[in-house]
Amino acid sequence: MAIAKAERLMNLALCLLGTRRPLSKRELRESIEAYLEAGSDDSFNRMFERDKDDLRELGLVIETVENLDGEVGYLARRDSNRLPPITLDAEEAAALGLAAKVWQQARLAGAASGALQKLRAAGLPEDVDPYEAHGALEPRIPVHEAAFEPLMLACRDRRPVVFEYRKATAARPEPRHVEPWALECWRGHWYLAGWDRDRGAERVFRLSRITGKVRSRSGRFTAEVPDVVTVRETVASWAGETADRSALIRLRTGAGYPLRAKATAVRELGDGWDELEIPYGHGLDAWLVEFGPDVVVLEPAELRADVVDRLRAVAKG
């Protein structure tokens, strides 16, 4: 089925690119075997409209022209579907290749590879190999969350979505109605920034906490999309990255590596516990709760109280 559709799309694209005048639906149907085999006019019309939309989604510029008799025709002018001359030096080509390699483990790997092939055909220097190794360390952006692809498409198409989301302090997920703005990866985790309709405010969601399917909703955005969406800055502030104070905690030996990586001082207490001094900023209490019984907050008192309140909320369900 996929091969048949690809062949049909290719034949339609060749017809539209090869004609000097607009071709009507009737002429296109007579020129493409798959359309001749359509059982009825309605089946052909649905197939043709889907194919036309798919080609436009792939980037083909298809013009709709009405002749003097009122008949509608279609064509794809070559000058409208030709990339301008592309000149890339070795460093620019290497940067493109490196960017494509970053997505090798993600759902965008095919799109990145296809984009490089098109650039190669349009003038990418032949003596530059975009996939050549750039050193012992190779960057990767893993995308394991099933929510990534539907949210990426929703951000692109400006479509509201709804999904079940479990907060760090909640025992069960709850529905969230969101107008998605942007996706960003920070320290190995993907985050979505958008407008939370239920709360009437901007929110950032960690994709690993989205449960079930992401479902699209009809209608337009109700909130204005900001020119700059500060996903990393928001998450960093929650994680205490912008902290100007310190907190003292006890951490079970061999546990909580992320906390140990942030610690400014570590002291062994014995009996399976260590004492850590870590940066203290907004949202640190929510992060500490994730480590459960492996963490005990010593000071400041307000942080200890916030962590205890969150743990009690989780226990109550």
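How many Å should the 17 residues of helix 4 span, and how far apart are its end C-alpha atoms? The legends below start with that helix and then visit other parts of this predicted model.

**Figure 1. Helix 4, from end to end.** Here is the reply to the opening question: at 1.5 Å a residue, helix 4 should span 24 Å, and its end C-alpha atoms are 24 Å apart, so the two values agree. Look next for the buried residues of this helix, which are F44, M47, F48, D51, K52 and L55. These residues lie on the same side of helix 4, because they cover an arc of only 135 degrees around the axis. On the face turned away from that buried side you will find the exposed residues D42 and E57. After helix 4 comes G59, a residue with a positive phi, near 110 degrees.

**Figure 2. The way into helix 4.** S40 sits in the loop that runs between helix 3 (33-36) and helix 4. Is S40 buried, exposed or partly exposed? Its relative accessibility is 30%, so S40 counts as partly exposed. The side chain of S40 makes a polar contact of 3.1 Å with the side chain of S43.

**Figure 3. The largest nonpolar core.** This core brings together 18 residues, and those with the most contacts inside it are L12, L16, L28, Y35, F48 and L55. Helix 1 (2-18) and helix 4 (41-57) each supply at least two of the residues. Which helix gives the largest share? That is helix 1, with five residues. Take a moment to pick out L16: leaving aside neighbours within four places in sequence, L16 is in contact with L28, I62, Y74, L75 and A76. Apart from this core lies another one, made of 17 residues, including I249, L251, L284 and F291.

**Figure 4. S24 in a short strand.** S24 belongs to strand 1, which covers residues 23-24. With a relative accessible area of 4%, S24 falls under the 20% limit and is therefore buried. What does S24 touch, once residues up to four places away in sequence are set aside? Its partners are E71, V72 and G73.

**Figure 5. E179, a buried residue in strand 5.** E179 is part of strand 5, which takes in residues 174-186. Its relative accessibility is 0%, so E179 counts as buried. Beyond its neighbours within four places in sequence, E179 is in contact with G194, W195, R197, F221, T222 and A223. One of these partners deserves a second look: a polar atom of the E179 side chain lies 3.1 Å from the backbone nitrogen of A223. How far apart are the C-alpha atoms of E179 and R159? They are separated by 6.8 Å, and the two residues are 20 residues apart along the chain.

**Figure 6. Backbone angles to look out for.** Most residues other than glycine have a negative phi, and most peptide bonds are trans. R158 has a positive phi, near 55 degrees, and is not a glycine. You can find R158 in the loop between helix 7 (148-157) and strand 4 (161-165). R158 is partly exposed, because its relative accessible area is 39%. D271 is not a glycine either, yet its phi is positive, at about 60 degrees. The loop that holds D271 links strand 10 (265-270) and strand 11 (273-280). Is D271 buried or exposed? D271 has a relative accessible area of 80%, so it is exposed. Finally, the peptide bond from E299 to P300 is cis, with omega near 5 degrees. P300 lies in the loop between strand 12 (295-299) and helix 11 (301-316).

**Figure 7. The whole chain, for orientation.** Stepping back from the close-ups, you can trace 11 helices and 12 strands in the chain. Of its 317 residues, 36% are buried. The accessible surface comes to about 19,100 Å², and carbon and sulfur atoms account for 51% of that. Now consider contacts between residues at least 6 apart in sequence: 55% of them join residues at least 24 apart.

Conventions. Residues numbered from 1 in each chain as written. Predicted model: local features only at pLDDT ≥ 70, side-chain atom pairs only at ≥ 80, totals over all residues. Heavy atoms only, no water. Core = buried A, V, L, I, M, F, W, Y, C linked by side-chain atoms within 4.5 Å. Buried < 20%, exposed > 50% of the residue type's maximum accessible area, 1.4 Å probe, protein only. Helix = DSSP H or I, 4+ residues; strand = E, 2+ residues; numbered from the N terminus. Contact = heavy atoms within 4.5 Å. Areas by Shrake-Rupley, 256 points an atom, 1.4 Å probe, with all protein chains shown as cover. Polar contact = N/O pair within 3.5 Å; in protein donor to acceptor, adjacent residues only side chain to side chain. Expected span 1.5 Å × (residues − 1). Arc of directions from axis to C-beta.
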